[in-house]
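Open the model in a viewer and keep the sequence panel beside it. The stops below say what to select and what is there.

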Amino acid sequence: MELQAVLHMNGGEGDTSYAKNSSYNVCLSLYLSLTHTHRVVLALAKVKPVLEQCIRELLRANLPNINNCIKVADLGCASGPNTLLTVRDIVQSIDKVGQEEKNELERPTIQIFLNDLFRNDFNSVFKLLPCFYRKLEKENGRKIGSCLISAMPGSFYGRLFPEESMHFLHSCYSFHWLSQVPSGLVIELGISANKGSIYSSKASRPPVQKAYLDQFTKDFTTFLRIHSKELFSRGRMLLTCICKVDEFDEPNPLDLLDMAINDLIVEGHLEEEKLASFNLPFFTPSAEEVKCIVEEEGSFEILYLETFKAHYDAGFSIDDDYPVRSHFQVYGDEHIKAEYVASLIRSVYEPILASHFGEAIMPDLFHRLAKHAAKVLHLGKGCYNNLIISLAKKPEKSDM
């Protein structure tokens with residue numbers, strides 16, 4: 001099956017949808033409304049100042065038409081309320097910094113393009129727009145029509161916008177998704193070079209890790225080159241992704257998926273050949289790998305780069321109206337959190353997993369994942385390593 005047909009979050013608004021389960025992504029990215037302040041974690045303080053500083057430098061650069069209309073794109077926006085919380089945070093940063101820098105009441109129009117693959121559930125976002133616009137007017141004083149939101153579907157590994165037409169590009173937890181599974185991971189007769197794993201894990205053999213790094217290098221280089229052409233000279237890009245560190249001290253959510261799939265194989269519910277012929281198009285780079293690729297590609301200057309950790313149950317509150325809470329209350333908070341983690345991972349990975357392993361096995365798979373998550377949480381572990389990088393497009397020689 002074509003990758004772009006299955007590489008999307010669970011749509012809709014059901015219990016397994018990304019819209020229902022994605023508050024963790026919101027927490028890490030700081031895209032929280034004021035009504036979600038009880039979910040604030042350490043990661044929030046890491047991202048907010050970087051975004052505001054990025055906007056401040058952008059406005060100071062005085063790019064073409066920026067005082068009239070700031071053009072922004074959110075690359076890999078996903079679906080559900082989080083998408084508009086991302087938009088809201090960008091709008092608020094532009095307004096806050098604009099008033100600090102210029103002390104003017106007149107605000108530029110903001111045109112925001114939401115980008116994701118064609119199968120993304122954009123409708124779940126559009127249905128929220130009327131309420132979002134009203135709330136923006138009430139809380140920010142932005143008149144309806146001063147912030148224009150539209151979709152730009154397509155792969156961000158291809159051109160999306162005209163040359164030198166954009167001021168600010170943003171991407172959160174998206175560019176670690178590869179354009180394709182690295183070649184050579186499945187040998188003839190279904191024998192896997194990445195035996196027992198679905199991604200480039202700490203247990204993967206060096207040739208597998210190299211194949212994934214090579215694919216990421218190719219894809220991220222393309223990402224930088226293409227979008228540098230779409231930005232005005234001195235335009236800005238802010239990226240956040242899951243990353244790895246030198247030490248592998250605890251399992252991440254994809255390790256939990258590995259464990260759960262292997263459980264099903266050992267228990268006879270899944271054929272080993274199914275695992276042997278499956279690899280996720282997903283790679284967690286190190287900060288040094290990202291830095292080297294940016295420098296080698298050459299279109300951008302690195303303004304800020306930092307890594308930080310956040311627990312993968314960080315968005316959970318025992319007081320939340322969470323779908324599984326009533327079913328797992330008897331097991332205590334730890335198991336409720338584990339089920340929350342499993343539901344979040346399911347909302348992200350289920351479409352691509354179900355296309356290969358079948359939909360019937362998904363409940364059992366994520367039930368086992370929740371058990372492994374509970375063990376990890378019991379040990380006080382279970383973190384994502386995260387990377388924030390702020391980039392400025394280098395000026396053309398004619399602009400220097």
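Start by selecting Phe156, which counts as buried because its relative accessibility is 9%, under the 20% cut-off for that word. Keep in mind throughout that this is a predicted model.

Now add Tyr157 to the selection. This residue also counts as buried, at 14% relative accessibility. The ring centres of Phe156 and Tyr157 lie 4.9 Å apart and the planes make 75°, so the pair is edge-to-face. Which cluster do these two rings belong to? Select Phe175, Tyr212, Phe216, Phe220, Phe223 and Phe283 as well: ring pairs link these residues with Phe156 and Tyr157 into a cluster.

The structure holds 17 aromatic pairs. For another of them, select Phe113 and Phe161, whose ring centres are 5.1 Å apart with planes at 55°, so this pair is tilted. Phe113 sits in strand S2, while Phe161 is in the loop between S3 and strand S4 (166-172). The two residues are 48 apart in the chain, so to speak of the pair is to speak of a link between distant parts of it. Both Phe113 and Phe161 are buried.

**The sheet**

Next, show the strands. Seven of them form an open sheet with mixed pairing, in the order S3-S2-S1-S4-S5-S7-S6. Which strands are at the edges? They are S3 (147-151) and S6 (300-311), each of which pairs on one side only. From one strand to the next the twist averages 15°.

Zoom in on strand S2, residues 109-115, which pairs with S3 in the parallel sense over five bridges. Within this stretch, select Leu114 and look across to Ala151 in S3, which stands opposite.

Then move to helix H11, residues 287-297. H11 packs on the sheet, where it touches S6 and strand S7 (383-393). The direction of H11 makes about 165° with that of S6.

**Helix H14**

Select residues 362-378, which make up helix H14. How far apart should the ends of H14 be? At 1.5 Å a residue, its 17 residues should span 24 Å, and the C-alpha atoms at the two ends are indeed 24 Å apart. Many side chains can be picked out here; the buried residues of H14 include Met362, Leu365, Phe366, Arg368, Leu369 and His372. Show helix H9 (253-266) and helix H13 (333-357) too, as both are among what covers the buried residues of H14. Just past the helix, select Gly380, whose phi is positive, near 75°.

**The cysteines**

Continue along the chain to Cys383, which is placed in strand S7. Is Cys383 buried or exposed? With a relative accessible area of 13%, Cys383 is buried. Leaving aside residues up to four places away in sequence, Cys383 touches Glu250, Asn252, Lys309, Ala310, His311 and Tyr312. Phe308 is 75 residues from Cys383 in sequence, yet the two C-alpha atoms are 9.8 Å apart in space.

How many disulfides does the model have? The count comes to zero, where a disulfide would need two cysteine sulfur atoms within 2.5 Å. Select Cys69 to see one case: the nearest cysteine sulfur, that of Cys147, is 9.9 Å away, and Cys69 is in no disulfide. Cys69 is buried, with a relative accessible area of 13%. End the tour at Cys54, which is buried with a relative accessible area of 0%.

Technical notes
Residues are numbered from 1 along each chain as its sequence is written. This is a predicted model: local features need pLDDT of at least 70, side-chain atom pairs count only at pLDDT 80 or more; totals for chains, interfaces and linings use all residues. Side-chain values use heavy atoms; hydrogens and water are left out. Two strands pair if DSSP finds at least two bridges between them. Helices (H or I, at least four residues) and strands (E, at least two) are DSSP runs, numbered from the N terminus. Axes are lines fitted to C-alpha atoms, for helices over the stretch in contact, and angles run from 0 to 180 degrees between N-to-C directions. Contact means heavy atoms within 4.5 Å. The expected span of a helix is 1.5 Å times one less than its number of residues. Buried means under 20% relative accessible area, exposed over 50%, partly exposed in between (1.4 Å probe, protein chains only). Rings of Phe, Tyr and Trp (its six-membered ring) pair if their centres lie within 6.5 Å; planes under 30 degrees apart count as stacked, over 60 as edge-to-face and the rest as tilted.
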